[in-house]
Number of protein chains: 2
Amino acid sequence: MNNPTNDPAARSFVAVASDSHFPIQNLPYGLFRREPGGRARIGVAIGEMVLDLSVLEAAGLFDETVLAGRKVFSAERLNDFLALGAESWTAARRRIHELLRNDVALLRDDAALREQALLPQQQVEMILPVEIGDYTDFYSSREHATNVGVMFRGEENALMPNWLHLPVAYHGRASSVVLSGTPIVRPKGQQLPPGAETPVFGPSRLMDHEFEVGFFVGPGTDLAQSIAVDEAPSQIFGFVLVNDWSARDIQKWEYQPLGPFLAKNFGTSISPWIVTLEALEPFRCAGPEQDPKPLPYLQAPNEWSYDIRLETWLKTETMEAAERIAVSNYRYMYWNICQQLAHHTVSGCPMAPGDLLASGTISGPTKDSRGSMLELTWRGSEPLRLGSGEERKFFEDGDEVILTGWAQGEGYRVGFGEVRGRILPALD
Amino acid sequence: MNNPTNDPAARSFVAVASDSHFPIQNLPYGLFRREPGGRARIGVAIGEMVLDLSVLEAAGLFDETVLAGRKVFSAERLNDFLALGAESWTAARRRIHELLRNDVALLRDDAALREQALLPQQQVEMILPVEIGDYTDFYSSREHATNVGVMFRGEENALMPNWLHLPVAYHGRASSVVLSGTPIVRPKGQQLPPGAETPVFGPSRLMDHEFEVGFFVGPGTDLAQSIAVDEAPSQIFGFVLVNDWSARDIQKWEYQPLGPFLAKNFGTSISPWIVTLEALEPFRCAGPEQDPKPLPYLQAPNEWSYDIRLETWLKTETMEAAERIAVSNYRYMYWNICQQLAHHTVSGCPMAPGDLLASGTISGPTKDSRGSMLELTWRGSEPLRLGSGEERKFFEDGDEVILTGWAQGEGYRVGFGEVRGRILPALD
């Protein structure tokens, strides 16, 4: 169903611009309210509209699928749907696709139902789509790990000895994952000024972003169970863009020996629409060659990277429009999603529906494809010169950071929309 | 109400042995089922009985407190009660204490209600008392951090430069927190054998425990808010014992640069009864002197350590009874709970009711007061010689580890019961 536009299955009766991120080939899931304080509803983005699945479910339109009677689209979060697993995800996608096709009359010609079920995205308030039990952040881009390593440990020791053998990761803070648009208040914390022997306390001076792509897990596992690398795809629902905001000065002082803590737990922003694994299937591709060959439990049977263009934009307070500051691609990731999930669970760590696993900063081979200001400005030594005449080493209060990304098909895009966040001054 | 036994308020009509962990001075909260698969109920331990608060609530016995109409004790987890905050916690404790007093007739003389509300702990199944949103693990014992530092980096660099300035911590895995009694399957993972250049994969050979004490947070904070060090006590509900199971070989190979991951996420066991801050108030005491003086945001106004005896026991498969292998005390902790919570939130990290913050391994100044096998056997170089004639460097399959702890009052104990877990062989 991801064929070019002559195929009637490839077009919806809902108008979709050719550069829209949400054509019928995409059908990403999100959570929204029709009015402030109203109840949360599960929807799918189509063009500039959102399709209210709770309305379709109440109208019985999922009764002839494996979802019949389960009422997962009447829930106030996506976790129950994620818990059902891949067979149900496929059935739902097939049904929603059918209902939106230009050559299928069922919804297209039912004006009353259409009126109820379809509403402009502009009119709704998006909210966090799932209740995130646990959030894990990987460190899976070789270029990023190398850049950081060179800056902090020199060329010789850039990659730690373990890096090429396993997808390094740390547990993040689920409570600080917020939706795109949530303002990010500059965090306070301890920093060690250059040359000083004792730390000072105050607002971070080195506010940074990290461009990541995360995936949501379902149905999950119990304690002591593992997910084999070739079973991983059936446990991965879909992807969002992630901005893992980072306070570099706090991080540098605190991170030894147990890893980043306050430097990362003041806000991690995600995009509102979950783009499914199935929607991205046409864009699956090979990742970088892995040498040394991973241990058997990490040997993925297929190509499990994706060709997704990733763009970072910045809008300072003086700018009228945002300016693009980096272009990268998800395919640069060294460790793929199957390896990440297999590694994470090989210890017996339990996974729950709605757990979020993020890639870590994705940087590419060129200077303008780096996924953080730390790398783009090489620790501030090469400030970005913006069209506005301004310079940036790291972000300043009032700066808005916008991450966007899409896979380009023939005549259509499967996109993520965007994740944006504006930095507010530290609180008194 | 924590006075010696001549005070009628200090005795319950429920029989309590003098070495019981659960006298009327304690009143810890837990979650239980009356029968397998039955609904979860909130209870309080008293002697060898459990008091079913959902029964008391249904009987209207909380109607004359601030809890009236809130029905928090009819919930199937403690989170709603934790969300209410300190005023409600105090009111509930006062009321439960009153109902259990030997000189108060209300419950004592109502045989029908007593029959309904009080049942033997032996007959119930305890379950995880709260839904843990996020789990954080500190590293707050100076003796532990020093021991580990000496072993891995030598005497000169034992403590990292940041250690005396902030309570180091990392985000743990909430999904792997399990209740006492849950078997712990030996995890698999990558290890670098001594002298090898490439890692191998297999079951951990260096299974260890970490004796910790954790606390549950409520009512919590929103993104960007902080909890000041002197407000922290009003946000801390109570404590449990924590066994932070650790796979030392996996940890050593994986932990650079982002901290422990698989080495810690295959199971973290907690004791079933939450001992409240109020119950432990008579045992509050000074912790170690802090030099250098902490930054102002970490200066706690009072003494916030606790005199709690902590004992580690081991039962191998050949033993008829468990053998004590360590005795320590919670008061050795360098960073206290107020400092931990203030530090954790100073970045604006949100806290939710039911978040768990653990102390990190608690070790004392003497060899037999160390909180992990890593330290007790000094990386296996000084094996423990057990009464059974066996030796242990780390734990073997079939070993059961039991942690217990209590504060000793005059004629009574405020105790935690125990957290136990038996190690099962790795799965094929």
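Is A:Arg248 buried or exposed? In this predicted model, A:Arg248 is buried, because its relative accessible area of 9% falls under the 20% cut-off.

**A:Arg248 and its surroundings**

A:Arg248 belongs to helix α7 of chain A, which covers residues 248-254. Within that helix, the side chain of A:Arg248 forms a polar contact with the side chain of A:Gln251, at 3.0 Å. Leaving aside residues up to four places away in sequence, A:Arg248 touches A:Leu206, A:Asp208, A:His209, A:Glu210, A:Lys264, A:Ser372, A:Leu374 and A:Phe394.

**The largest cavity**

Rolling a probe the size of a water molecule over the atoms reveals where empty space remains. A search of the whole structure yields six cavities of 30 Å³ or more. The largest cavity holds about 290 Å³ of space. Its lining comprises 21 residues, of which A:Tyr139, A:Val148, A:Arg248, A:Gln251 and B:Leu258 are the closest to the centre. Two or more lining residues are given by each of β6 (135-138), α6 and α7 of chain A. Which element supplies the largest share of this lining? That element is α6(A), with four residues.

**Helix α6 of chain A and helix α3 of chain B**

Helix α6 of chain A comprises the 12 residues 142-153; at 1.5 Å a residue these should span 16 Å, and the end C-alpha atoms are 15 Å apart, which agrees. The buried residues of α6(A) are A:His144, A:Ala145, A:Asn147, A:Val148, A:Gly149, A:Val150 and A:Met151. These buried residues pack against α10 (373-376) of chain A. Just after α6(A), A:Gly154 adopts a positive phi of about 90 degrees.

In chain B, helix α3 holds the 15 residues 86-100; the expected span at 1.5 Å a residue is 21 Å, and the end C-alpha atoms are 21 Å apart, which agrees. The buried residues of α3(B) are B:Ser88, B:Trp89, B:Ala91, B:Ala92, B:Arg93, B:Arg95, B:Ile96, B:His97, B:Leu99 and B:Leu100. In general, residues three or four places apart in an α-helix point the same way, because the helix has 3.6 residues a turn.

**Relation of the two chains**

Chain A can be laid on chain B by a turn of 180 degrees and a shift of 0.0 Å along the axis, with an RMSD of 0.0 Å. The two copies are therefore related as by a two-fold rotation axis. The same surface serves both copies, since 100% of the contact residues of chain A recur in chain B. Which residue of chain A comes closest to the rotation axis? A:Gly259 does, with its C-alpha at 2.2 Å.

**Backbone geometry in loops**

The following table collects cis peptide bonds and positive phi values.

| Site | Backbone feature | Value |
|---|---|---|
| A:Gln256 to A:Pro257 | cis peptide bond | omega near 0 degrees |
| B:Gly218 to B:Pro219 | cis peptide bond | omega near -5 degrees |
| A:Trp378 | positive phi | near 45 degrees |
| B:Trp378 | positive phi | about 45 degrees |

A:Pro257 is located in the loop between α7 and β16 (268-270) of chain A. B:Pro219 is found in the loop between β13 (211-217) and β14 (236-243) of chain B.

A:Trp378 takes its positive phi although it is a residue other than glycine. It occupies the loop between α10 and β23 (384-385) of chain A. With a relative accessible area of 23%, A:Trp378 is partly exposed. B:Trp378, likewise not a glycine, lies in the loop between α10 (373-376) and β23 (384-385) of chain B. B:Trp378 also counts as partly exposed, at 23% relative accessibility.

**A:Lys315 at the end of strand β20**

A:Lys315 lies in strand β20 of chain A, which runs over residues 309-315. Is this residue buried or partly exposed? A:Lys315 counts as partly exposed, because its relative accessibility of 25% lies between the limits of 20% and 50%. A polar atom of the A:Lys315 side chain lies 3.2 Å from the backbone oxygen of A:Met319. Not counting residues up to four places away in sequence, A:Lys315 touches A:Glu320, A:Ala321, A:Ala322, A:Gly398, A:Asp399, A:Glu400 and A:Ile402. A:Leu113 is 202 residues from A:Lys315 along the chain, and the C-alpha atoms of the two are separated by 40 Å.

Terms used: Residues numbered from 1 in each chain as written. Chains lettered and ligands numbered in written order. Predicted model: local features only at pLDDT ≥ 70, side-chain atom pairs only at ≥ 80, totals over all residues. Heavy atoms only, no water. Expected span 1.5 Å × (residues − 1). Buried < 20%, exposed > 50% of the residue type's maximum accessible area, 1.4 Å probe, protein only. Least-squares fit on C-alpha atoms with pLDDT ≥ 70 in both. Contact = heavy atoms within 4.5 Å. Polar contact = N/O pair within 3.5 Å; in protein donor to acceptor, adjacent residues only side chain to side chain. 1 Å grid on protein atoms, 1.4 Å probe; cavity = no way out; pocket = protein on both sides within 12 Å on 5 of 7 lines; lining within 4 Å. Points joined across faces, edges and corners; volume = space filled by probe spheres on them.
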